[in-house]
Amino acid sequence: MSRPFIRPRRLRRSPTIRNMVRETELNAADLIYPLFVVPGENVQCEIPSLPGSCHLSVDMALEVAREAYGLGIPAVLVFGLPEYKDDQGSSAWDPASPVQKAVRLIKKEIPELTVITDVCLCQYTSHGHCGLLRGQNVDNDLTLSLLGRVALSHAEAGADMVAPSDMMDGRVRAIREALDSRGYEQVAIMSYAAKYASAYYGPFREAADSAPQFGDRKTYQMDPANVREALREVALDIEEGADIIMVKPALAYLDVVRQVRDSFDLPVAVYNVSGEYAMVKAAAANGWVDERQIVLETLLGMKRAGAEMIITYHALDAARWLQES
Ligand code: PBG
Ligand code: ZN
C-alpha cells in the first residue's frame with residue numbers, strides 16, 4: 001500500500017485556507033442588471049417568464065436602479081417596451097420612448113451608475129425582426145443607419161454605453177461613426193459580438209414582446225456549432241471600434257468565453273440569458289436545487305471561464321447573497 005505524499009486536501013482543511021488559495025472571486029462589481037422599462041407610471045409588474053424580474057415604468061426603473069447601485073452593482077442594461085410599433089421600428093429612436101426617458105432620469109438622479117442601453121429593433125418593429133425587412137429578408141445595410149439613429153438617441157439621453165444586439169455586419173462601425181459625428185466619442189460600445197441563435201432567449205422574447213412574427217433569427221445570429229466564427233466576429237467588432245466584447249448566451253458557451261478571453265485583450269462580458277435564469281428559477285421553485293448556491297456557483301463559473309462582466313437577472317439577489325457571505 002503506497003501512502004500519497006502529495007495531498008491536495010491539505011489546502012482544503014479549513015475555510016481560512018480555502019480562502020487563501022481561491023483562484024477566482026465573484027463580486028457585485030462584476031454584475032450588470034437588466035431593466036425592462038414600459039410606458040406609464042408606478043408600474044412594477046412581475047414578468048411571468050422571468051419570475052423576480054419586473055416590467056417597470058420610468059419612475060420605478062429609477063427606484064430599482066437605486067437599489068442595484070446601493071448593492072454595489074455598477075451598471076444597468078436598459079431594454080424598452082415601446083408605445084407603438086411599425087415596420088421600421090421608429091419608436092426605437094423616439095426621445096419620448098421608455099428607454100430614452102429612463103436613461104435621462106437615471107443619469108440625472110444617479111450619475112455614478114453606469115447606464116448601458118440595448119440597441120436593436122426587434123422590440124420596436126411590428127414584424128419582430130432585428131433589422132429592416134426587404135421582402136422576407138432582413139436587409140443588412142439598410143438597417144445600419146437605423147441602428148446609428150437608435151444609438152444616437154440613447155447617447156443624447158445620456159447613456160454611458162450602447163450595446164448593439166442585432167448582429168448585422170458592420171453595425172459597430174456604423175454606430176461608432178454616428179456617435180462620433182455628433183460629439184459622442186466618449187460613449188462606449190459594448191458589442192454583442194458572438195451572439196448565437198439560441199432557444200435560451202425564449203423567456204426574454206415573451207418579456208420584451210420581441211419574438212419574430214415569422215421565421216427565425218438564423219440568418220443573422222450565429223450557429224451554435226461554431227467557435228472559429230465567434231473569434232472572427234469578435235475580431236471584426238474590435239476592428240470596427242468595439243470597447244467591450246460580449247459572448248451570449250453564457251452557460252452553454254463557456255468554451256467560447258475562454259477562447260475569446262485568451263485571444264483578445266479587450267474586456268469580455270457574458271450574458272447569463274433569460275432561459276438560463278428561468279431554468280434555475282423553475283428548479284428552485286420545485287425545491288430541486290438550492291437557488292442561492294446554484295446561482296453563485298454558476299456566476300463564478302462564468303468568471304472562471306474568463307468573463308470580467310456578467311449581465312444577469314440574478315444580479316440583485318446575487319449581490320445580496322455576496323454581502324451576507
Ligand atoms: C434583442 C435581444 C435579445 C436578447 C437581448 N437582446 C433577444 C433576441 O435576440 O431574440 C436576449 C436576452 C435574454 O434572453 O436574456 N436582440
Ligand atoms: Zn433584436
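**View 1. K107 sits in a helix of this predicted model.** We start with K107, which lies in helix 3, the stretch of residues 98-109. With a relative accessible area of 16%, K107 counts as buried, because buried means under 20%. Follow the side chain of K107 and you arrive at the backbone oxygen of P111, at 2.8 Å.

**View 2. Strand 5 and strand 8 run side by side in the parallel sense.** Four bridges join these two strands. If you would like one pair to look for, find D118, which stands opposite A163 in strand 8. Strand 8 covers residues 161-164, and strand 5 covers residues 114-119. Now look at the side chains of strand 8: M161 and A163 point one way, while V162 and P164 point the other way. In a regular strand the side chains alternate between the two faces of the sheet. Each of the four residues M161, V162, A163 and P164 is buried.

**View 3. Strand 8 also pairs with strand 9.** Two bridges join strand 8 to strand 9, and the two run parallel. Here M161 is a handy landmark, as it stands opposite A188 in strand 9. How many of the eight residues of strand 9 are buried? Eight of the eight are, so strand 9 is largely enclosed by the rest of the structure.

**View 4. Ligand 1 has a shell of 19 residues around it.** Those that come nearest are K195, R205, K248, S274 and Y313. Strand 9, which spans 188-195, supplies at least two residues of this shell, and helix 6, which spans 202-208, also supplies at least two. The space that ligand 1 takes is the largest cavity.

**View 5. Side chains meet ligand 1 through nitrogen and oxygen atoms.** Begin at S165, where an N or O atom of the side chain is 3.0 Å from a nitrogen atom of ligand 1. Next comes R205, with a side-chain N or O atom 2.6 Å from an oxygen atom of the ligand. In the side chain of R217, an N or O atom is 2.9 Å from an oxygen atom of ligand 1. Taken alone, ligand 1 exposes 400 Å², and the protein buries 100% of that.

**View 6. The peptide bond from K248 to P249 is cis.** Its omega is near -5°. P249 is found in the loop between strand 10 (244-248) and helix 8 (254-263). You have met K248 already: this residue is among those that come nearest to ligand 1.

**View 7. M167 and N42 each have a positive phi without being glycine.** For M167 the phi value is near 70°, and for N42 it is about 60°. M167 belongs to the loop between strand 8 and helix 5 (171-181). N42 belongs to the loop between strand 1 and strand 2 (44-46). Which of the two is buried and which is exposed? M167 is buried, with a relative accessible area of 5%. N42, at 60% relative accessibility, counts as exposed because the cut-off for that word is over 50%.

**View 8. Strand 12 pairs with strand 1 and with strand 11.** Strand 1 (residues 31-37) runs parallel to strand 12, and two bridges join them. I32 stands opposite I311 in strand 12. Strand 11 (residues 268-272) also pairs with strand 12 in the parallel sense, this time over four bridges. There, the bridge partner of V270 is I310 of strand 12. The side chains of strand 12 (residues 309-312) are easy to sort: M309 and I311 point one way, and I310 and T312 the other way. These four residues are all buried.

**View 9. L132 lies in a loop between two strands.** The strands in question are strand 5 and strand 6 (133-134). L132 is buried, with a relative accessible area of 15%. How far is its C-alpha atom from that of P34? The C-alpha atoms of L132 and P34 are separated by 25 Å, and the two residues are 98 residues apart along the chain.

Conventions. Residues are numbered from 1 along each chain as its sequence is written. Chains are lettered from A and ligands numbered from 1 in the order in which they are written. This is a predicted model: local features need pLDDT of at least 70, side-chain atom pairs count only at pLDDT 80 or more; totals for chains, interfaces and linings use all residues. Side-chain values use heavy atoms; hydrogens and water are left out. Buried means under 20% relative accessible area, exposed over 50%, partly exposed in between (1.4 Å probe, protein chains only). Two strands pair if DSSP finds at least two bridges between them. A residue is near a molecule or strand if one of its heavy atoms lies within 4 Å of it. A polar contact is a pair of N or O atoms within 3.5 Å; within protein, one must be able to donate a hydrogen and the other to accept it, and residues adjacent in sequence count only if both atoms are side-chain atoms. Accessible areas come from the Shrake-Rupley method with a 1.4 Å probe; for residues, only the protein chains shown count as cover. On a 1 Å grid over the protein atoms alone, a cavity is a set of points where a 1.4 Å probe fits but cannot get out, and a pocket is an open set with protein on both sides within 12 Å along at least five of seven lines; lining residues have an atom within 4 Å of a point. A molecule sits in a cavity or pocket if more than half of its atoms lie within 2 Å of its grid points.
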